[in-house]
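Subject: Model handover

Hi,

Here is the model I promised to pass on. Have a look at it first, then read my notes underneath.

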Amino acid sequence: MNRRDFLQLSVFGVAAVAMPRWSLAQVESGYAYHYKLSAEPTTVELVPGFKTDVLTFNGNVPAPVIRAKQGQPVRIEFTNNLAEPTTIHWHGLRIPIEMDGVPFLSQKPIMPGETFTYEFTPPDAGTFWYHPHMNSVEQLGRGLVGAFVVEESIKPDFDIDETLILKHWHLDKKGAWKALSRPRYAARMGTPGEWGTANGTNNPRFEYPAGSRVRLRLANVDNTMTYNLRLQGVKAKVIAIDGNPVIEAYPFDQHRIGPGMRLDLAFVMPEQGTGTKTSTDNINTPSVVLEYLRGQFGFPLAHFQSKKGAASPAKPMPKLAMNPIPVPDLQNAETLPFVFEWEGAISPVDAAGKTHDTFWLINRRPWIGMGPGNIPEPVADLKLGKTYIFDLKNNTQYHHPIHIHGHTFLVLEMDGEPVTPFYTDTVLLGKNGRAKAALVADNPGRWMYHCHVIEHMKTGLMGYVRVS
Ligand SMILES: [Cu+2]
């Protein structure tokens, strides 16, 4: 945070000194959770020694972590200081359609200089995130991505609660921008960035007292990358997937999170030096290393080192309460097939001579661009209160994290096999992968339903469901 931001924050600040890093200062008002948020261009140092022009929330990378509380209203006065229209979507939150932040489908674009106040009460606790839903390749790609943490109505007793947002920026070694999207890649796995970061820093280091009970909230805010995560040097447990507590915490081995997805882990910080040396790491005694795997090779994302400290001895690991997601009525459910396919169309050239690539289809239909006059029919019409089973089929060679707005899926099957059911807002389909996921259509509105590989979304892989 630079000095100017600090001063700005202090104006609204309640005890700015005590604020955790990157938390957002609250505005004093009748609301317990009241924030001012802005989107603005800024220059920051991402690659050490080099300046990069980025788009930020409140002038900072990483974006402030917005903290709210389950069941309590939150108010966010958002000002668009970009040179183009935008909206903010609160990924994973089951809130009313008017607050969902999708241009034309749920609200008018917020024009440069305008302020729009988002107000909602999050029903679920967990790790969520926020980002624009306009010109997404650029706006998200250049930095408008932040974590949104909804605390439990009764806060679980962890010693450390850390949030890491993972992103590979499309930068070269001197911090200069490379193409955020290339058609050749958009038609395949998406264009990967090269400068890997956690909270805007390449391979950051954290120090926790040995014996601390750590809750690590990981959010993949990347446009493209699916991270196959592993934690070296400690036995951790998976406690929540995509914001939602799992029914029973289970040992963490590896876990793939696609763009938009989250993972909450819990572990006890080991003594100094118990960790394993990673294949690409030259630190001798890291305690715990978060890494992602490419094939069998691990690449570090963050290090956690032990320090001697006063962690509460031998307290049990807290257990998370389940979120109040409506239980699907599977007996009376209707099954809706959705097929995700590839089409190599070099599509119509517009009056300006620009091509509009469409590569991806939902049930044989692409949706390109958004505009007041460009809202197609929904991909499905859902009856309010009824349970549906989404039968998802990926007929392509690439990963697709399929995200639904305003609702939470209960995943029943992956790749034809029953799984221990888990709740999620984003289902990751592997190549030629399948899934069956149920939901209760309990939130009226027109809800986006799309792939969260941003280039896939922008080249056809999106639609919406209408709940009425
Ligand atoms: Cu996709």
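Below is what I found, going from the whole chain to single sites.

Some ground rules before that: this is a predicted model, so local features need pLDDT of at least 70 and side-chain atom pairs count only at pLDDT 80 or more, while totals for chains, interfaces and linings use all residues. Residues are numbered from 1 along each chain as its sequence is written, and side-chain values use heavy atoms, with hydrogens and water left out.

The whole chain

The secondary structure comes to four helices and 30 strands; both are DSSP runs numbered from the N terminus, helices being H or I with at least four residues and strands E with at least two. Of the 468 residues in the chain, 57% are buried (buried is under 20% relative accessible area, exposed over 50%, partly exposed in between, with a 1.4 Å probe and protein chains only). About 19,300 Å² of the chain is exposed, and carbon and sulfur atoms supply 53% of that (Shrake-Rupley areas, 1.4 Å probe; for residues, only the protein chains shown count as cover). Among contacts with a separation of 6 or more, 72% are between residues 24 or more positions apart, where contact means heavy atoms within 4.5 Å.

The copper site

The copper ion is coordinated by H400 (ND1), C451 (SG) and H456 (ND1), at 2.0 Å. Donors here are N, O and S atoms within 2.8 Å of the metal (3.2 Å for Na, K and Ca), and since water is not among the atoms, sites may look incomplete. In sequence the donor residues follow the spacing H-x50-C-x4-H. C451 is buried, because its relative accessibility is 0%, and H456 is buried at 0% too.

Two open sheets

One open sheet has five strands with mixed pairing, in the order β11-β19-β18-β13-β16 (two strands pair if DSSP finds at least two bridges between them). Its edge strands are β11 (205-209) and β16 (255-257), each pairing on one side only. The twist from one strand to the next averages 30°, using axes that are lines fitted to C-alpha atoms (for helices over the stretch in contact) and angles from 0 to 180 degrees between N-to-C directions. Inside this sheet, β18 (288-294) and β19 (297-307) are antiparallel over seven bridges, with E291 opposite P300 in β19.

The other open sheet is made of six strands, again with mixed pairing, ordered β10-β9-β12-β17-β14-β15. Here β10 (195-198) and β15 (244-251) are the edges, each pairing on one side only, and the twist averages 20° from one strand to the next. β14 (237-241) pairs with β15 in the antiparallel sense over four bridges; K237 stands opposite P251 in β15.

A hairpin and two buried residues

β25 (409-414) and β26 (417-424) run antiparallel, joined by five bridges, and M414 stands opposite E417 in β26. Two residues lie between the strands of this hairpin, and D415 takes a positive phi near 50°.

T52, in β2 (52-57), is buried, with a relative accessible area of 1%. Its side chain reaches the backbone oxygen of G175 at 2.7 Å. Not counting residues up to four places away in sequence, T52 touches T42, T43, V44, L46, L171, G175 and W177.

P103 sits in the loop between β5 (88-91) and β6 (115-120) and counts as buried at 1% relative accessibility. P103 and P372 are 269 residues apart in sequence, but 8.5 Å apart in space, C-alpha to C-alpha.

Cheers

Conventions
Polar contact = N/O pair within 3.5 Å; in protein donor to acceptor, adjacent residues only side chain to side chain.
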